[in-house]
Amino acid sequence: MLNQKKIEQNSDSLIELLTAQCADLEKLLQLAREETLAAEGGDFLGILDIVSRREELSRRLETFQRQIAELRGTLGEAEEDLRRSKISAQVVAIANLTLAQDRETRLLLSASREESRKDLRNLDRYQKGTNSYLRQETRGLAFDRNL
């Protein structure tokens, strides 16, 4: 079993990592909100920029998660107290808010995709109608010249 000093050091390190993770999760949540606004406004280039920034944050969060898992493994029973800490609850709450925001964005983008599909079908139908009309008009002109 680890001595008390080692447990305290690991606990402090874990809390520092959780705090940094929480700060990045808050940034991720803000980006998720910006992404939703961009989706509402049809700003697809903005969405691509936000996705790129989110990817960068996600890589950092993965690193935090690995480091946190390693530290939790060394803490044993003391780790249970940290699970119940305020910072752990905050991390979970922010992650859940981000997931909810992402669901909203996904719904907006799905609706936008369906609207685009509908517009493309209508455009195809209008183009066929226009082409048919132009073919008929050309025939009419050809008949007029023969009169």
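**Note on salt bridges and one helix contact**

1. Ala89 sits in helix α4. This is a predicted model, and the remarks here concern the model as it stands. With a relative accessible area of 47%, Ala89 is partly exposed, because the range for that class ends at 50%, over which a residue would be called exposed. In sequence, Ala89 and Cys22 are 67 residues apart, while their C-alpha atoms are separated by 9.9 Å.

2. How many salt bridges does the structure hold? The count is 9. Three of the pairs are taken up below.

3. Arg60 and Asp24 form a salt bridge through their side chains, at 2.8 Å from N to O. Arg60 belongs to helix α2, which covers residues 44-75, and Asp24 to helix α1, which covers residues 4-40. The two positions are 36 residues apart, and the pair links distant parts of the chain.

4. Are the two partners buried or exposed, or something in between? Asp24 has a relative accessible area of 5% and is therefore buried, the limit for that class being under 20%. Arg60, at 35% relative accessibility, counts as partly exposed. The acidic partner Asp24 is thus buried, whereas Arg60 is partly exposed.

5. The Arg60 and Asp24 pair does not stand alone: Asp24, Lys27 and Arg60 are linked in a network of salt bridges.

6. A salt bridge also joins the side chains of Glu35 and Arg54, with an N to O distance of 2.5 Å. Glu35 is in helix α1 and Arg54 is in helix α2, so this pair ties together parts of the chain that lie 19 residues apart in sequence. Both Glu35 and Arg54 are buried.

7. Which residue forms a salt bridge with Arg117? The partner is Glu114, and the closest N and O atoms are 2.8 Å apart. Arg117 and Glu114 are both in helix α4, which runs over residues 86-146. Because they are 3 residues apart in that helix, about one helical turn separates them.

8. Arg117 has a relative accessible area of 41%, so it is partly exposed. Glu114 is at 38% relative accessibility and therefore also counts as partly exposed.

9. To sum up the placement of these pairs: Arg60 with Asp24 links helix α2 to helix α1, and Glu35 with Arg54 ties helix α1 to helix α2. Arg117 and Glu114 lie within helix α4, the helix that also holds Ala89.

Notes: Residues are numbered from 1 along each chain as its sequence is written. This is a predicted model: local features need pLDDT of at least 70, side-chain atom pairs count only at pLDDT 80 or more; totals for chains, interfaces and linings use all residues. Side-chain values use heavy atoms; hydrogens and water are left out. A salt bridge is a side-chain nitrogen of Lys or Arg within 4 Å of a carboxyl oxygen of Asp or Glu. Helices (H or I, at least four residues) and strands (E, at least two) are DSSP runs, numbered from the N terminus. Buried means under 20% relative accessible area, exposed over 50%, partly exposed in between (1.4 Å probe, protein chains only).
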